[in-house]
Structures are given as C-alpha cells and as structure tokens.
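Here are a few exercises to work through with the model open in your viewer. Try each task before you read the solution under it.

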Amino acid sequence: MCIRTVLTYASPDFAHAAPKALDRLQVIQNKFCRDATDAHWCVHNSILHRDLELPTIAKFMKDACKRFFDIAESHPNALLRSAVGYEPPQRHYFIRRPRNVLTDPPDALTAAVDSLMEVNDTHTD
C-alpha cells in the first residue's frame, strides 16, 4: 500500500523509471502476494495476480497515467490542457514524453495476466 500511493501520486514520472527499477518493485509485489496467500513456490506469479485480481506494477502505472491524462485534458486550466496535448514524436526520436507510456507494449508478466483474465472471462460467460 505504501508503494502504490507514491506511484499513483507521480505516475507519469515513475512510468519512465528504468525498467530494472520497476522490475524490482514487481518482485516485491510478487513476494507480498506469495506471502499473503501462502502460495507454494511453484505457483506462477501470473496465476497469483489473476486470482487476487491485482494488476502488475506496469499495468497499474499505465492505468494511472491514462487516468491522469484523461483528467488533465478536461481540466479548466488552459495551461494544463495545452501541456497534455502534443503531437507524438517520430519513431526514431530518442526523447520520450510522459504520454508515450500509454503506447508501450505490455511486459511479459502483464501480458500473461491479461491472457489469463481473458480466458477466465470467456469461461464464466
């Protein structure tokens, strides 16, 4: 809970953290999930996240960024609205803007959890 509040507060900034830093946070979250459920070591992390209905750190960051930009686009302050809207850079452009996080492909764990959730949804219908 302590980590998530800080990540939520500064989601556009933390979303650009080094992948290794976010991976370390994901490892901590995985350990807490495993300890909280008393899961055996052979249970996949994607299964734990699916059963707990807990998004991965990468998905949580992407969703928090999306909420932030959606709110900022409709804010009454014109300066904030103008800071949010911009043309996406060309593919070979090296400087990344905070909004580029929304178009990044999901990491392996997030993709595995999403596919398990989709399978779960199709079997419950």
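## Exercise 1: a histidine and its surroundings

Task: decide whether His49 is buried or exposed, then find out what His49 touches beyond its sequence neighbours.

Solution. Start with accessibility: His49 has 1% relative accessibility, and the cut-off for buried is under 20%, so His49 counts as buried. Keep in mind that this is a predicted model. Next, place the residue: His49 sits in helix H4. Now list the contacts, skipping residues up to four places away in sequence: Gln26, Gln29, Asn30, Cys33, Leu54, Pro55, Thr56, Leu109 and Val113.

## Exercise 2: the partner in H3

Task: take Gln26, one of the residues His49 touches, and work out where Gln26 lies and whether it is buried or exposed.

Solution. First, the location: Gln26 belongs to helix H3, which covers residues 19-37. Second, the accessibility: Gln26 has a relative accessible area of 8%, so this glutamine is buried. Third, the contacts: with neighbours within four places in sequence set aside, Gln26 meets His49, Thr56, Ile57, Ala58 and Leu109.

## Exercise 3: how H3 and H4 cross

Task: describe how H3 and H4 are arranged, using their axes and the residues that meet.

Solution. Begin with the axes: those of H3 and H4 (residues 45-52) come within 10 Å and cross at roughly 65°. Angles of 65 to 115 degrees count as roughly perpendicular, and H3 and H4 are therefore roughly perpendicular to each other. Then check the hand: H3 passes H4 in a left-handed crossing. Last, pick out the residues that meet. H3 brings Gln26, Gln29, Asn30, Cys33, Arg34 and Thr37, while H4 brings Asn45, Leu48, His49 and Leu52.

## Exercise 4: two positive phi angles

Task: look at Asp38 and Glu53, and say what phi each one has and where each one sits.

Solution. Take Asp38 first: its phi is near 55°, a positive value in a residue other than glycine. Asp38 is in the loop between H3 and H4, and at 70% relative accessibility Asp38 counts as exposed. Now Glu53: its phi is also positive, about 55°, although Glu53 is not a glycine. Glu53 lies in the loop between H4 and H5, and at 65% relative accessibility Glu53 counts as exposed.

## Exercise 5: the buried face of H5

Task: find which residues of H5 are buried and where they sit around the helix axis.

Solution. Get the helix itself straight first: H5 runs over residues 57-73, which makes 17 residues, and reaches 24 Å from its first C-alpha to its last, close to the 24 Å expected at 1.5 Å a residue. Its buried residues are Ile57, Phe60, Met61, Ala64, Cys65, Phe69 and Ala72. Looking down the axis of H5, you'll see these buried residues fall within an arc of 160°, so they line one face of the helix. For one case up close, try Phe69, which is in H5 and is buried with a relative accessible area of 6%. Phe69 and Pro12 are 57 residues apart in sequence, yet their C-alpha atoms are 8.8 Å apart in space.

## Exercise 6: the whole chain

Task: how many helices and strands does the protein chain have, and how much of the chain is buried?

Solution. Count the elements: the chain has seven helices and zero strands, in the order α-α-α-α-α-α-α from the N terminus. Buried residues make up 25% of the 125 residues. Finally, among contacts between residues at least 6 apart in sequence, 62% join residues at least 24 apart.

Key. Residues are numbered from 1 along each chain as its sequence is written. This is a predicted model: local features need pLDDT of at least 70, side-chain atom pairs count only at pLDDT 80 or more; totals for chains, interfaces and linings use all residues. Side-chain values use heavy atoms; hydrogens and water are left out. Helices (H or I, at least four residues) and strands (E, at least two) are DSSP runs, numbered from the N terminus. The expected span of a helix is 1.5 Å times one less than its number of residues. Buried means under 20% relative accessible area, exposed over 50%, partly exposed in between (1.4 Å probe, protein chains only). The arc is that of the directions from the helix axis to the C-beta atoms. Contact means heavy atoms within 4.5 Å. Axes are lines fitted to C-alpha atoms, for helices over the stretch in contact, and angles run from 0 to 180 degrees between N-to-C directions. Angles under 35 degrees count as roughly parallel, over 145 as roughly antiparallel, 65 to 115 as roughly perpendicular and the rest as oblique. A crossing is left-handed if the near helix is turned anticlockwise from the far one by less than a right angle, and right-handed if clockwise.
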